[in-house]
Amino acid sequence: MKSCQELRTGGTVAIVGAGPSGSMLARLLQMQGFSVKVFERDASPTSRPQGGSLDLRKNAGQRAIEQAGLMEEFCRLARSDAKAFKMLDSQGKPHPAGDAGTHEEAGPEIDRGDLRQMLLGSLAPDTVAWGHAVKDVLPEAAGRWRLEFKDQAPVTADLVIGADGVGSRVRPCLTPVRPRYTGMAMLAAVIRKELWRGSELSELLGEGSVMFADHQQTIFVQRCSHDLILLYYSMVVAEDWPTAEGFALDDSKAVLNAITAAYQDWSPELLTMLTQVDGKFHRWPLSVMPPDYQWETQPGLAMVGDSSHAMPPFTGKGVNLALLDSLELADGLSADPAAEVTAVVKTCEARMQERTRNEISECLGVGRYIYGLEIDFTKPQGSDVRNLSQVIPVKDQP
Ligand SMILES: Cc1cc2nc3c(=O)[nH]c(=O)nc-3n(C[C@H](O)[C@H](O)[C@H](O)COP(=O)(O)OP(=O)(O)OC[C@H]3O[C@@H](n4cnc5c(N)ncnc54)[C@H](O)[C@@H]3O)c2cc1C
């Protein structure tokens with residue numbers, strides 16, 4: 001399969017992963033007449049919680065939405081007043097860094113689940129094969145690739161695109177570099193339903209979000225659609241926590257004890273308010289790719305989104321970059337019918353690598369500032385340190 005025209009008229013595109021990047025890419029390619037199939041590990045679109053609220057920026061995520069012809073639906077689902085953002089310290093006082101201008105560029109917020117559902121709903125029927133967890137990606141003759149699944153018959157395609165997030169099965173075909181665990185995880189929980197409106201926390205939050213930050217820790221509180229309030233606790237824990245500690249994540253009492261111990265320097269009244277959760281916790285280990293890693297383009301393969309540039313959510317741009325990757329790849333494959341597919345992918349990947357070098361560096365800078373995170377990619381996993389001297393000791397501020 002050499003040219004984009006050949007790919008469009010007689011070829012097959014297989015996208016691994018039906019997250020935001022994979023479903024956006026499928027939508028944009030289908031609009032251009034490509035034959036696309038998406039293989040997704042989840043058994044169904046609703047088989048697990050889809051996370052919180054994301055802001056889609058004008059020059060990134062919203063550009064892709066516009067091109068996908070979904071702006072009207074996006075505006076119906078998105079919440080502009082959810083951009084409101086406050087930063088407070090561990091005593092509930094204004095943070096010395098102010099609101100850090102962090103949300104100046106922010107766009108309207110949309111729940112990740114709503115975004116994904118909107119994208120999935122825009123695809124041709126049966127585009128997504130649910131319950132297809134890719135196990136291996138293997139080369140075949142003539143630059144084609146074979147996808148092997150856990151429980152399903154294998155499939156071959158002319159172009160395989162990894163949109164399968166941080167644990168990508170496509171990435172190892174392109175590079176041995178793997179995301180590095182930062183030593184931190186976010187624990188997500190939902191505030192008890194009766195407190196979604198009318199509670200002290202609800203008043204403090206308004207329609208937006210509040211970041212409590214102190215002592216290298218944060219608790220991020222976010223209002224989502226349907227009034228739901230989500231919390232994220234930053235935790236310095238081993239990658240296999242809490243198993244390594246001898247308890248399970250569904251042992252809510254043990255998890256709450258771990259949170260209370262981790263935040264022992266925080267105001268007890270504030271912590272009481274911030275731990276009125278409904279009892280279920282989700283663990284989100286934070287990993288990051290080295291900012292300057294590169295890979296050689298291979299015929300028949302590409303990557304978009306977190307699979308190529310996983311980073312912690314410190315700058316809140318992951319989904320925007322993921323959608324932008326998909327937009328650029330779809331544009332590249334549709335622009336010039338005579339162009340070679342591999343050359344198009346190479347150009348898109350070069351642009352993506354350049355962009356993500358800056359974005360990951362910026363993200364790591366925020367991690368250093370707030371969490372004291374120092375990652376030396378030249379050293380093995382586990383040797384990273386937290387540099388206390390670089391962190392603003394909020395309690396010592398005038
Ligand atoms: C809780 C949370 C909060 C976030 N907050 C923000 C924010 O405020 N702003 C922001 O911009 N970004 C945020 N992000 C990041 C953002 O959600 C991701 O950057 C974005 O979803 C990346 O999209 P993606 O499609 O590349 O990968 P993912 O969303 O990870 O999707 C990958 C898909 O691939 C599937 N998959 C994985 N492995 C396989 C396999 N082997 N076979 C088949 N399918 C597979 C997965 O099930 C999933 O559906 C947040 C992420 C989370 C989890």
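Two strands are said to pair if DSSP finds at least two bridges between them. In this predicted model, strand 7 (residues 134-139) and strand 8 (residues 145-149) run antiparallel and are joined by five bridges. Within this pairing, Asp136 lies opposite Glu148 of strand 8. The hairpin made by strand 7 and strand 8 has five residues between the strands, and Ala142 in this hairpin adopts a positive phi near 60 degrees. Strand 8 is also joined to strand 9 (residues 155-157), again in the antiparallel sense, by three bridges. Here Arg146 stands opposite Thr156 of strand 9. The connection from strand 8 to strand 9 is a hairpin of five residues.

Parallel pairing is found around strand 10. Strand 1 (residues 13-16) pairs with strand 10 in the parallel sense through four bridges, and Ile15 is placed opposite Ile161 of strand 10. Strand 10 also runs parallel to strand 16 (residues 301-303), to which three bridges join it. In this second pairing, Val160 has Leu301 of strand 16 as its bridge partner. Strand 10 (residues 159-162) is covered on both faces, with Leu159 and Ile161 buried on one side and Val160 and Gly162 buried on the other.

Residues of these strands also appear in the nonpolar interior. The largest nonpolar core contains 58 residues, and those with the most contacts inside it are Val13, Ile15, Val16, Leu25, Leu29, Val160 and Ile161. Helix 10 contributes the largest share of this core, namely nine residues. A second core, separate from it, has 34 residues, among them Leu187, Met211, Trp266 and Leu274. The surroundings of Ile161 were examined further. When its neighbours within four places in sequence are left aside, Ile161 is in contact with Val13, Ile15, Val16, Leu25, Ala302, Met303 and Val304.

At the level of the whole protein, two domains are assigned. Domain 1 is made up of three segments (4-80 + 107-179 + 290-373), whereas domain 2 covers residues 181-288. The centres of domain 1 and domain 2, taken over C-alpha atoms, are separated by 29 Å. Contact between the domains involves 17 residues of domain 1 and 15 residues of domain 2. On the side of domain 1 that touches domain 2, helix 11 (residues 341-371) supplies the largest share, with four residues. By class, this side of domain 1 consists of 11 nonpolar, three polar and three charged residues.

The ligand is surrounded by 34 residues, of which Gly17, Gly19, Gly165, Gly305 and Gly318 come nearest. Sorted by class, the shell around the ligand has 13 nonpolar, 12 polar and nine charged residues. At least two residues of this shell are supplied by each of helix 2 (20-31), strand 3 (53-55) and helix 10 (318-335). Helix 10 gives the most to the shell, with four residues. Helix 10 thus appears in two settings: it supplies four residues to the shell around the ligand, and it provides nine residues of the largest nonpolar core.

How values were computed. Residues numbered from 1 in each chain as written. Predicted model: local features only at pLDDT ≥ 70, side-chain atom pairs only at ≥ 80, totals over all residues. Near = placed C-beta within 6 Å. Nonpolar A, V, L, I, M, F, W, Y, C, P; charged D, E, K, R; others polar. Core = buried A, V, L, I, M, F, W, Y, C linked by C-beta atoms within 7 Å. Buried ≥ 20, exposed ≤ 12 C-beta atoms within 10 Å, placed from the backbone. Contact = placed C-beta atoms within 7 Å. Domains from an automatic or database assignment.
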